[in-house]
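This report describes a single protein chain and the charged pairs found in it. Please consult the sequence and the three-dimensional view while reading.

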Amino acid sequence: MQEQKIKQDTEINIGANIRKIRKAYGIGQTQLALKLQLLGIDMTRETLVKIERGIQHIQASQLRGIRDVLQTTYDELLK
């Protein structure tokens, strides 16, 4: 079964929210990608850059992993 992809739009910019929360925690893109990989989530720094810039859709498992690693909520990621 193919994993659900979440499309960003102009009202909810998931990538910008990820970037803001990640920077607030002082975590670099490479560090976040590595932590996600340790959880078994397919993520490279390049993929994270594209997601944060809003040019690539995020997969549901990636969003869940980012939520867990950054110890945040879906509400914060989707506002």
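In this predicted model, the side chains of Arg-67 and Asp-68 meet in a salt bridge, with 2.8 Å from N to O. Asp-68 has a relative accessible area of 40% and is therefore classed as partly exposed. The pair is one of 3 salt bridges that the structure holds. The table lists the pairs with their N-to-O distances.

| Salt bridge | N to O distance |
|---|---|
| Arg-22 and Glu-52 | 2.7 Å |
| Arg-67 and Asp-68 | 2.8 Å |
| Lys-79 and Glu-76 | 3.3 Å |

**The pair Arg-22 and Glu-52**

The salt bridge between Arg-22 and Glu-52 has its closest N and O atoms 2.7 Å apart. It links distant parts of the chain, since Arg-22 belongs to helix α1 and Glu-52 to helix α3 (residues 45-53), with their positions 30 residues apart. Are these two residues buried or exposed? Both Arg-22 and Glu-52 are buried. For Glu-52 the assignment follows from a relative accessibility of 7%, because buried means under 20%. The two side chains are also joined by a polar contact of 2.7 Å.

Which residues surround Glu-52, leaving aside its neighbours within four places in sequence? On that basis, Glu-52 is in contact with Gly-15, Ala-16, Ile-18, Arg-19, Arg-22 and Gln-29. One of these contact partners, Arg-19, lies in helix α1, which spans residues 14-24. Arg-19 has a relative accessibility of 42% and so counts as partly exposed. The C-alpha atoms of Arg-19 and Leu-48 are separated by 9.3 Å, although the two residues are 29 residues apart along the chain.

**The pair Lys-79 and Glu-76**

Lys-79 and Glu-76 form a further salt bridge, in which the closest N and O atoms are 3.3 Å apart. Lys-79 counts as exposed because its relative accessibility is 52%, the cut-off for that class being over 50%. Glu-76, with a relative accessible area of 32%, is partly exposed.

**A positive phi at Gln-71**

Gln-71 lies in the loop between α4 (60-69) and α5 (74-77). Its relative accessibility is 64%, so Gln-71 counts as exposed. What is the phi of Gln-71? Gln-71 has a positive phi of about 50 degrees, although it is not a glycine. Most residues other than glycine have a negative phi.

**The chain as a whole**

The secondary structure of the chain comprises 5 helices and 2 strands. Read from the N terminus, the elements follow the order β-α-α-α-β-α-α. The chain has 79 residues, of which 37% count as buried; Arg-22 and Glu-52 are both buried. Contacts between residues at least 6 apart in sequence were also classified by separation, and 59% of them join residues at least 24 apart. The salt bridge between Arg-22 and Glu-52 likewise links distant parts of the chain, its two residues being 30 residues apart. The surface exposed by the chain amounts to about 5,200 Å², and carbon and sulfur atoms supply 48% of it.

Key. Residues are numbered from 1 along each chain as its sequence is written. This is a predicted model: local features need pLDDT of at least 70, side-chain atom pairs count only at pLDDT 80 or more; totals for chains, interfaces and linings use all residues. Side-chain values use heavy atoms; hydrogens and water are left out. Helices (H or I, at least four residues) and strands (E, at least two) are DSSP runs, numbered from the N terminus. Buried means under 20% relative accessible area, exposed over 50%, partly exposed in between (1.4 Å probe, protein chains only). Contact means heavy atoms within 4.5 Å. Accessible areas come from the Shrake-Rupley method with a 1.4 Å probe; for residues, only the protein chains shown count as cover. A salt bridge is a side-chain nitrogen of Lys or Arg within 4 Å of a carboxyl oxygen of Asp or Glu. A polar contact is a pair of N or O atoms within 3.5 Å; within protein, one must be able to donate a hydrogen and the other to accept it, and residues adjacent in sequence count only if both atoms are side-chain atoms.
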